[in-house]
Amino acid sequence: MDLELEEDADEAERDAPALEDGRCVSDLNRDVPVAGAGEFAPLQLGPLQVWPPVVLAPMAGVTNLAFRSMCREYGAGLYVSEMITARGFLMGNRLTTLLASSSPDEKPRSVQVYGTDPKDLGEMVAALVEEGVDHLDINFGCPVPKVTKNGGGSAIPVKPRLVERLVRAMVSNAGDVPVTVKMRKGIDEDLITFEDAARAAESAGASAVGLHARTAAELYSGNADWAAIARLKSILTVPVLGNGDIWECWDALRMMRETGCDAVIIGRGCLGRPWLFGELVSVFNGEQPANPPNFGQIADILLDHARRLSDLFGSEMGIRQVRKWTTWYTKGFRNSAAVRGLLTRVNTFEELDALLQQIDRDEPFPRQALRMGRGKGTKRQKVRLPEGYLDQRDDDTPPKGPHTLEEIRAWERALNGG
Ligand SMILES: Cc1cc2nc3c(=O)[nH]c(=O)nc-3n(C[C@H](O)[C@H](O)[C@H](O)COP(=O)(O)O)c2cc1C
């Protein structure tokens, strides 16, 4: 994950004064009511029923087993792995295998697949089904130049017949296991692709379509276009999963009410905030959520997360992973600025523990941090596509992906998002 993309300018934002009723909710959402009895239904994906209708977004470098297991302990829903490269998985690349790993108590188990070769996709799906996976998703939204310039990721929906072919390759090997797709609105405002691509996915047997309501050119900038989610809902029969800018549990209710979508996908809002899933359970069950933990409780959660990362990756890689998380867990806290700077450079767990002893444990969660950017910055990009790519939009020839282990490793380093 590239921390360079993260921008901390928002740290300069003014403190948001506490609300008179003591709730930690933004001004935008202070009047949003909790769900009414029967207002929302569970998400149905094939035989899988998901309540509340909440999905943890696949996020490269983030939604590994360590983080998924934390989120699950706070809430319920569906917790998707980061994208797993089909070729790397099939060749037994060590890191790919680790990132695809699960634990026996992870039920339902959900894996996002990245691949452009129908044969690879079919084989990977068959292997995962054999392992007992409960849900599969395919990434059609990755905006990374190295990927799109080879016709992968968010370039795929430009060719609906290719979408259909790839989804079919998965569905025909998945048995009863539901296969969903996740895509963006399109390449840029001049090349919007989601409607045709979603129809193609539906006709190939996808159980639902997730829409990150931004174009690949927008990356993570600006506001997600929730109207596009409503539009998708109006043209599909299968469930629509809305994605983009759910920072607070209240946003999830608003998105579902405004767009009619069947479930929400939570991305950056849960970075350093796994308890968001507990808040989501509350509001969907018609209850007021608890306020977020204070700084001391968050320090304990961060240490717990660090231990889980170390169990998964080993202590050396684990601590390297922890560094980026310290930025997210401490976002917006004021009284411990000096310590926060040091946390991103920790070398050992003992150092992490010692630094966390120095924070002001009683500092309440800063209300202004609720909607602060996390995970990615606000840049846009010009999307790179293969030469002549737009000349043959009805072509279903799969683009060439990486093949050797070395190519796969270089590819995986470049893959950092959808
Ligand atoms: C660090 C990071 C990594 C991501 N990796 C993936 C990925 O592996 N697969 C994918 O489909 N989307 C990926 N995304 C996109 C998210 O799944 C989601 O679509 C996006 O963040 C928009 O949702 P949000 O506004 O709630 O953050 C990534 C996003 C972030 C911030």
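## Two domains, their helices and their loops

The centres of domain 1 and domain 2, taken over C-alpha atoms, are separated by 27 Å. The model is a predicted one. Domain 1 is made of two stretches, 3-291 and 378-414, while domain 2 covers 295-364. Where the domains meet, 10 residues of domain 1 are in contact with 11 residues of domain 2. On the domain 1 side, the touching residues divide into 6 nonpolar, 3 polar and 1 charged.

Start with two helices, H11 and H14. H11 runs over residues 295-313 and H14 over residues 349-357. Their axes come within 10 Å and cross at roughly 175°. An angle over 145 degrees counts as roughly antiparallel, so H11 is roughly antiparallel to H14. H11 contributes Ala299, Leu302, Leu303, Ala306 and Ser310 to the contact. H14 contributes Phe349, Leu352, Asp353 and Leu356. By class, the residues of this contact are 7 nonpolar, 1 polar and 1 charged.

Next comes helix H4, residues 118-131. What span should its 14 residues have at 1.5 Å a residue? The expected value is 20 Å, and the end C-alpha atoms of H4 are 20 Å apart, so the two agree. The buried residues of H4 are Pro118, Asp120, Leu121, Gly122, Met124, Val125 and Leu128. An α-helix has 3.6 residues a turn, so residues three or four places apart point the same way. Leu121, Val125 and Leu128 are among the buried positions of H4. What do the buried residues of H4 pack against? Their partners are two helices, H2 (86-90) and H6 (160-174), and two strands, E5 (110-114) and E6 (135-140). Just after H4, Gly132 takes a positive phi of about 95°.

The loop between strand E9 (208-215) and helix H8 (226-235) deserves a stop. Ala216 lies in this loop. Is Ala216 buried or exposed? Ala216 has 32 other C-beta atoms within 10 Å, and the cut-off for a buried residue is 20 or more, so Ala216 is buried. Leaving aside neighbours within four places in sequence, Ala216 is in contact with Pro143, Thr148, Ser154, Arg184, Ile187 and Val383. Gly153 is 63 residues away from Ala216 along the chain, yet their C-alpha atoms are separated by 9.5 Å. Leu219 is found in the loop between E9 and H8 as well. Phi of Leu219 is near 50°, a positive value in a residue other than glycine. Leu219 counts as buried because 20 C-beta neighbours lie inside 10 Å.

Move on to the loop between strand E10 (240-243) and helix H9 (249-259), where Gly244 has its place. Gly244 has 26 C-beta neighbours inside 10 Å and therefore counts as buried. Which residues does Gly244 touch, not counting those up to four places away in sequence? They are His212, Ala213, Arg214 and Ala224. Two of these can be placed by strand and loop bounds already given: Ala213 falls within E9 (208-215), and Ala224 falls between E9 and H8 (226-235). Arg268 is 24 residues from Gly244 in sequence, and their C-alpha atoms are 8.8 Å apart in space.

Asp245 is found in the loop between E10 and H9 too. Asp245 is not a glycine, but its phi is positive, near 70°. With 20 C-beta neighbours inside 10 Å, Asp245 counts as buried.

Helix H9 itself holds Glu258. This residue has 13 C-beta neighbours inside 10 Å, so Glu258 counts as partly exposed. Outside the residues up to four places away in sequence, Glu258 touches Trp226 and Ala230. From Glu258 to Asp117 the chain runs 141 residues, and the C-alpha atoms are 37 Å apart in space.

Two proline peptide bonds complete the tour. Which form does the bond from Trp51 to Pro52 take, cis or trans? It is cis, with omega near -5°. Pro52 has its place in the loop between strand E2 (48-50) and strand E3 (54-56). Lys107 and Pro108 are also joined by a cis peptide bond, with omega about -5°. Pro108 lies in the loop between helix H3 (94-99) and E5. E5 is one of the elements that the buried residues of H4 pack against.

Note on methods
Residues numbered from 1 in each chain as written. Predicted model: local features only at pLDDT ≥ 70, side-chain atom pairs only at ≥ 80, totals over all residues. Helix = DSSP H or I, 4+ residues; strand = E, 2+ residues; numbered from the N terminus. Expected span 1.5 Å × (residues − 1). Buried ≥ 20, exposed ≤ 12 C-beta atoms within 10 Å, placed from the backbone. Contact = placed C-beta atoms within 7 Å. Axes fitted to C-alpha atoms, helices over the stretch in contact; angles between N-to-C directions. Parallel < 35°, antiparallel > 145°, perpendicular 65-115°, else oblique. Nonpolar A, V, L, I, M, F, W, Y, C, P; charged D, E, K, R; others polar. Domains from an automatic or database assignment.
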